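Subject: Structure handover and notes

Dear colleague,

Please find below the structure I promised to pass on to you, followed by my notes on what was found in it. I would be glad if you could read the notes with the coordinates open beside them.

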There are 2 protein chains.
Amino acid sequence: MQIKSTSGHDVNLNVIPLNITSLKAACSQCNLRELCLPFGLTEKEIARLDRMVASRRRLKRGQHLYRAGDPFEAIYAIKTGFFKTDVLLEDGRDQVTGFQMAGEILGMDGISAEAHTCNAVALEDSEVCVIPFLQLEGLSREIEALQHHFHKVMSREIVRDHGVMMLLGTMRAEERLAAFLLNLSQRFTTRGYSPQEFHLRMTREEIGSYLGLKLETVSRAFSRFQEEGFISVQQKHIRILDIAPLKQLLAHSSA
Amino acid sequence: MQIKSTSGHDVNLNVIPLNITSLKAACSQCNLRELCLPFGLTEKEIARLDRMVASRRRLKRGQHLYRAGDPFEAIYAIKTGFFKTDVLLEDGRDQVTGFQMAGEILGMDGISAEAHTCNAVALEDSEVCVIPFLQLEGLSREIEALQHHFHKVMSREIVRDHGVMMLLGTMRAEERLAAFLLNLSQRFTTRGYSPQEFHLRMTREEIGSYLGLKLETVSRAFSRFQEEGFISVQQKHIRILDIAPLKQLLAHSSA
DNA sequence: AGGTGCTTTTGATCTGCATCAAAACCTCGC
DNA sequence: GCGAGGTTTTGATGCAGATCAAAAGCACCT
């Protein structure tokens with residue numbers, strides 16, 4: 001079984017290629033354009049999007065992109081980095097509602113009330129493209145493909161949330177963690193990274209909060225998966241050794 | 001303790017006033033237009049919406065409005081009645097993802113994949129307005145207020161889902177039920193019905209599925225609330241006697 | 001290099017909800 | 001009015017995951 005050292009492969013795990021420094025946003029140059037808002041647009045249309053997405057914003061690890069209550073003005077496309085979103089109850093309890101990576105859109109929760117309803121925090125040094133929302137609406141009244149794709153992005157968020165509700169409502173601890181790992185693996189694959197091997201940007205506590213579990217339970221589930229030989233865990237470094245039993249865990253509850 | 005019969009008040013609980021029979025949709029005539037898609041539009045703009053929302057559909061209790069996998073063509077505005085949406089896992093487990101009432105929009109989950117991802121079932125005889133989606137996109141490219149309001153409606157769905165995730169991830173059984181009852185009460189109020197007294201359209205099992213609990217736990221929580229004098233329960237008829245302790249249940253976890 | 005604080009792991013025990021079971025109740029068709 | 005099927009309530013017991021506790025590992029600072 002392939003537990004050999006990962007020496008040569010780490011390179012594409014932490015570093016997202018092509019980290020352009022210039023703050024002139026340029027969807028047309030961006031390697032994420034097939035994942036992100038420009039998807040399906042013609043070159044000409046992307047050029048118009050370029051002009052609108054005027055600025056970028058860099059965030060250090062731990063910095064907030066926005067906080068619950070902040071006035072809503074823009075949505076954000078993640079260019080590089082990794083984020084979490086969380087909501088807070090008055091009594092201090094909080095819940096991580098999602099983890100977002102390159103090419104994904106943040107901030108759509110703010111449209112309804114013209115203020116953000118959750119916090120978005122960078123889990124590593126990150127860079128986002130700022131998309132002023134009124135301008136996006138303006139442009140999507142002119143570019144049908146942009147309008148349609150934006151609707152799909154919002155709808156995808158709703159579908160994703162339903163998946164999390166399913167997870168929180170019906171799954172047991174190990175099923176939740178399996179679903180979480182498979183989901184990450186899937187998303188890394190889409191971005192051209194290894195599906196088997198990746199680095200978790202979040203703590204066990206944050207994973208637990210997202211999955212509706214305590215951090216100790218998350219840790220135990222990781223240990224269990226490792227004992228069973230499904231994965232290898234070294235702190236935040238995860239390697240999926242055998243994906244089948246993880247998938248099977250989701251396929252039938254009674255196991 | 002006032003558990004006396006509610007004889008004189010039932011009238012506005014089950015029957016939604018103004019049940020027009022003609023199948024010519026007419027947002028301009030609809031008493032829900034301040035809640036539903038036409039919100040914020042001028043009379044002229046509503047008239048254009050009227051022309052687009054060509055048809056209505058009636059459903060008997062138990063009938064599906066759409067099923068997971070059905071091709072996506074339209075979204076639906078609930079004119080009268082009550083729905084649930086649920087998702088199914090291959091192994092048979094399912095999760096109710098929401099309950100929808102008059103003025104709310106169903107079907108936005110289908111936009112992303114051009115197919116519905118959940119089932120929508122009428123919990124009582126209902127009527128919906130069919131809004132062909134491509135036409136809606138077309139019209140909202142022309143009517144800025146319609147576009148913006150539709151985005152708000154989608155965003156509201158995302159925010160609602162985050163609330164449910166919070167509930168499922170961090171709350172205990174009685175807190176979940178309290179949140180559920182307060183949410184229903186709030187929505188009935190918005191629609192001009194009594195906030196204190198209403199009729200549940202769903203079974204204990206459906207409530208349980210939505211709240212991530214078993215039906216027995218839901219039943220026990222109802223009984224507990226009744227013992228404490230917060231509410232009176234007679235089957236599906238609920239009367240909120242003292243709203244404060246329900247709210248308090250949500251305010252601080254340690255109780 | 002050593003120290004401080006954070007994160008993770010692991011163990012022991014506790015508990016809220018699930019599960020199993022049965023009775024009561026409500027609805028509807030005949 | 002009676003019987004069948006579905007829904008709800010209530011009780012007894014079991015268990016998954018929470019909680020409490022402590023040690024080990026790791027990262028970052030001086």
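Which element supplies the largest share of the surface near DNA strand D? Before the answer, please keep in mind that this is a predicted model. The element in question is α7(B), which contributes 5 residues to the surface near DNA strand D.

DNA strand D

The surface near this strand draws on both protein chains, since α7 (215–228) of chain A and α7 (215–227) of chain B each supply at least two of its residues. There are 18 residues around DNA strand D, and those that come nearest are A173(A) and T217(A) from one chain and R204(B), S219(B) and S223(B) from the other. Sorted by class, the surface near DNA strand D holds 8 charged, 7 polar and 3 nonpolar residues. Where the strand's atoms lie within 4 Å of the protein, 63% of them belong to sugar or phosphate, while the rest belong to bases.

Several polar contacts to phosphate oxygens of DNA strand D can be named individually. In the side chain of T217(A), an N or O atom is 2.3 Å from a phosphate oxygen of the strand, and in the side chain of S219(B) an N or O atom is 2.8 Å from a phosphate oxygen. R204(B) takes part through its backbone instead, with an N or O atom lying 2.8 Å from a phosphate oxygen of DNA strand D.

DNA strand C

Around DNA strand C there are likewise 18 residues, the closest being R204(A), S219(A), S223(A), A173(B) and T217(B). Here α7 of chain A and α7 of chain B each give at least two residues to the surface, and the largest share, 5 residues, comes from α7(A). The classes of the surface near DNA strand C are 8 charged, 7 polar and 3 nonpolar residues. Of the atoms of DNA strand C that lie within 4 Å of the protein, 64% are in sugar or phosphate, and the rest are in bases.

Among the contacts to this strand, a polar side-chain atom of S219(A) lies 2.8 Å from a phosphate oxygen of DNA strand C, and an N or O atom in the side chain of T217(B) is 2.2 Å from a phosphate oxygen. A base is also involved, for an N or O atom in the side chain of E216(B) is 3.3 Å from a base nitrogen of DNA strand C.

The two protein chains

How is chain A laid on chain B, that is, by what turn and what shift along the axis? A turn of 180 degrees with a shift of 0.0 Å along the axis is what is needed, and the resulting RMSD is 0.0 Å. The two chains are therefore related by a two-fold axis. Within chain A, the C-alpha nearest that axis belongs to R141(A), at 2.1 Å. Both copies use the same surface, in that 100% of the contact residues of chain A recur in chain B.

The contact takes 47 residues from chain A and 47 residues from chain B. Between them the chains bury about 4,500 Å², of which 60% is on carbon and sulfur atoms. Of the area that chain A buries against chain B, R93(A), R141(A) and M165(A) supply 16%, more than any other three residues.

Across this interface the rule finds 6 salt bridges, including one in which the side chains of E175(A) and R93(B) meet at 2.9 Å, N to O. There are also 26 residue pairs in polar contact across the interface of chain A and chain B. On the side of chain A that touches chain B, the elements giving two or more residues are β5 (94–101), α3 (133–142), α4 (144–170) and α8 (243–251) of chain A, and the largest share, 20 residues, comes from α4(A). The residues of that side divide into 17 nonpolar, 16 polar and 14 charged.

Salt bridges overall

Over all chains the count comes to 36 salt bridges. One of them joins E142(A) and R48(A), whose closest N and O atoms are 2.3 Å apart. This pair links distant parts of the chain, with E142(A) in helix α3 and R48(A) in helix α2 (residues 43–52), 94 residues apart.

With best wishes

How values were computed: Residues numbered from 1 in each chain as written. Chains lettered and ligands numbered in written order. Predicted model: local features only at pLDDT ≥ 70, side-chain atom pairs only at ≥ 80, totals over all residues. Heavy atoms only, no water. Near = heavy atom within 4 Å. Polar contact = N/O pair within 3.5 Å; in protein donor to acceptor, adjacent residues only side chain to side chain. Helix = DSSP H or I, 4+ residues; strand = E, 2+ residues; numbered from the N terminus. Nonpolar A, V, L, I, M, F, W, Y, C, P; charged D, E, K, R; others polar. Least-squares fit on C-alpha atoms with pLDDT ≥ 70 in both. Contact = heavy atoms within 4.5 Å. Buried area = accessible area lost by both parts, 1.4 Å probe. Salt bridge = Lys/Arg side-chain N within 4 Å of Asp/Glu carboxyl O.
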